[in-house]
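Reader: I am new to this structure. Please pick one part, look at it closely, and then lead me on to the parts that follow.

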Amino acid sequence: MVPFCFIEGVIVMSVIKTNAMSNFANADITDDIFFCRIMSEKQYALPLLQRIFPQLNIRSIEQPISQFTIKNNRKEHGVRFDVFSEAEQKYFDIEMQTTHDPTLGKRIRYYQGKMDSTFLQAGESYDLLPPTYIVFICTFDPFAEGSYKYEFSHIYDQTNHVTLKTGTHVILLNAYGTNPESINDGLLNFLKLVAGKKATRYDPYLKQIQDKIAELKDNMQWRGIYMQEYNAIAVKERAEGIEQGIAQGRAEGLKQGRESSIYLFIKNMLAQGSNEKDMLKTLMIGFQLNEEEANSYLHNNKSKNK
């Protein structure tokens, strides 16, 4: 008999490949891999920073680094910035965020700490710490307040006019804001692109981004790179999910990893047009389930997607 772990591994990799191909075909600027690739070029990153920070009058930037990783040792929880760049002695991290993360605030705190850890050598003055800007472009409203732009600074709680000068800046952009008058037209147009909406006026910058996406989709070499990157991320996320489960209890963690594989498999079969009878039979064989268990997964999958 073929080991279950082998069958499950084959099924998971098949699902990942199918999802990667689908994501590639439907990708837009919110796709993290496309976003990182495009914003790694100055001609796209600079105009975006200028739209987000018109008050800084940024004229030039250093070469952006996509997926810049900071991890000092194997046991440390590292960070990977989507797009990291320097502009006129200021440092910027720009992230595309498509899922609502309840720990986003603490994640930003950790990102800030890791970024700062790279700036000072032993004995150097804290005064040498440069201004830093962390930007999350969200495809949802992180605070349900309707704002296009949420900006945070360290202000004295009692009077709101005394500022703790840390040199750090955190900006969360919401592609579905309801107060367009609060931001400039250039940023508004970009956020409309993120939301999949039409711009308020013709914008050459948006056209350049859309043309670049089309160009990448026609590039077979880039398609191969995308597939490899998507596969690496998917495998890593699955492994992290299992590891997190193990930290909470090995048995529960393995169960979560197994269930994740089952639901991915069901999603893949539905995308291929399989009927319920065929899915039921394949679930029972591939995952060694009895009929009642297989039916339960199919029923729960329907409930989750209503």
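Author: Start with the outward side of helix α9. Lys277, Lys281 and Ile285 are exposed there, on the face turned away from the buried side of α9. A word of caution belongs here: this is a predicted model. Now turn α9 over. The helix runs over residues 276-286, and its buried residues are Met279, Leu280, Leu283 and Gly286. Around the axis they cover an arc of only 150 degrees, so they sit on the same side of α9. Why can residues that are not neighbours in sequence point the same way? An α-helix has 3.6 residues a turn, so residues three or four places apart share a direction. After α9 comes Gln288. The phi of Gln288 is positive, near 55 degrees.

Step back for the setting. The chain has 306 residues, and 42% of them count as buried. It is built with 10 helices and 6 strands. Take the contacts in the chain with a separation of 6 or more. Residues 24 or more positions apart account for 61% of them.

Next, helix α4. Begin with its length. It has 13 residues, which at 1.5 Å a residue should span 18 Å. The end C-alpha atoms of α4 are 18 Å apart, so the two values agree. Now its sides. Leu104, Ile108, Tyr111, Gln112, Lys114 and Met115 are the buried residues of α4. Seen down the axis, they fall within an arc of 165 degrees, so they line one face of the helix. What covers that face? The cover includes the strands β1, β2, β3 (90-97), β4 (132-138) and β6 (168-174). The face turned away from the buried side of α4 carries exposed residues: Gly105, Lys106 and Arg109.

Stay with Lys114. It forms a salt bridge with Glu76, and the closest N and O atoms are 2.5 Å apart. Lys114 lies in α4 (residues 104-116), while Glu76 lies in the loop between β1 (65-70) and β2 (79-87), so the pair ties together parts that are 38 residues apart in sequence. Are the two partners buried or exposed? Both Glu76 and Lys114 are buried.

Follow the chain on from α4. Thr118 is found in the loop between α4 and β4. At 39% relative accessibility, Thr118 counts as partly exposed, because buried means under 20% and exposed means over 50%. Thr118 and Leu129 are 11 residues apart in sequence. Their C-alpha atoms are 9.7 Å apart in space.

Back to charge pairs. Side chains of opposite charge can pair when their charged atoms come close. The structure holds 8 salt bridges. One of them joins Arg37 to Glu41, with the closest N and O atoms 2.7 Å apart. Arg37 is partly exposed, at a relative accessible area of 26%. Glu41 is buried, at 18%. Another bridge joins Glu215 and Lys212, at 3.4 Å from N to O. Both of these residues lie in helix α6 (residues 204-217). They are 3 residues apart, about one turn of the helix. Lys212 is buried, with a relative accessible area of 8%. Glu215 is partly exposed, with 47%. Which residues are linked in a network of salt bridges? Arg37, Glu41, Lys212 and Glu215 are.

Lys212 leads to a helix packing. Two packed helices are described by the angle between their axes and the distance between the axes. Here the partners are α3 (residues 42-52) and α6. Their axes come within 11 Å and cross at roughly 145 degrees. The crossing of α3 past α6 is left-handed. From α3, the contact is made by Gln43, Tyr44, Pro47, Leu48 and Arg51. From α6, Tyr205, Gln208, Ile209 and Lys212 take part.

Ile209 leads on to one last residue, Leu193. Leu193 lies in helix α5 (residues 185-195). It is buried, with a relative accessible area of 13%. Which residues does Leu193 touch, not counting those up to four places away in sequence? They are Ile29, Leu206, Ile209 and Gln210. Leu193 and Leu206 are 13 residues apart along the chain. Their C-alpha atoms are separated by 7.3 Å.

Definitions and conventions: Residues numbered from 1 in each chain as written. Predicted model: local features only at pLDDT ≥ 70, side-chain atom pairs only at ≥ 80, totals over all residues. Heavy atoms only, no water. Salt bridge = Lys/Arg side-chain N within 4 Å of Asp/Glu carboxyl O. Buried < 20%, exposed > 50% of the residue type's maximum accessible area, 1.4 Å probe, protein only. Helix = DSSP H or I, 4+ residues; strand = E, 2+ residues; numbered from the N terminus. Expected span 1.5 Å × (residues − 1). Arc of directions from axis to C-beta. Contact = heavy atoms within 4.5 Å. Axes fitted to C-alpha atoms, helices over the stretch in contact; angles between N-to-C directions. Left-handed = near helix turned anticlockwise from the far one by under 90°.
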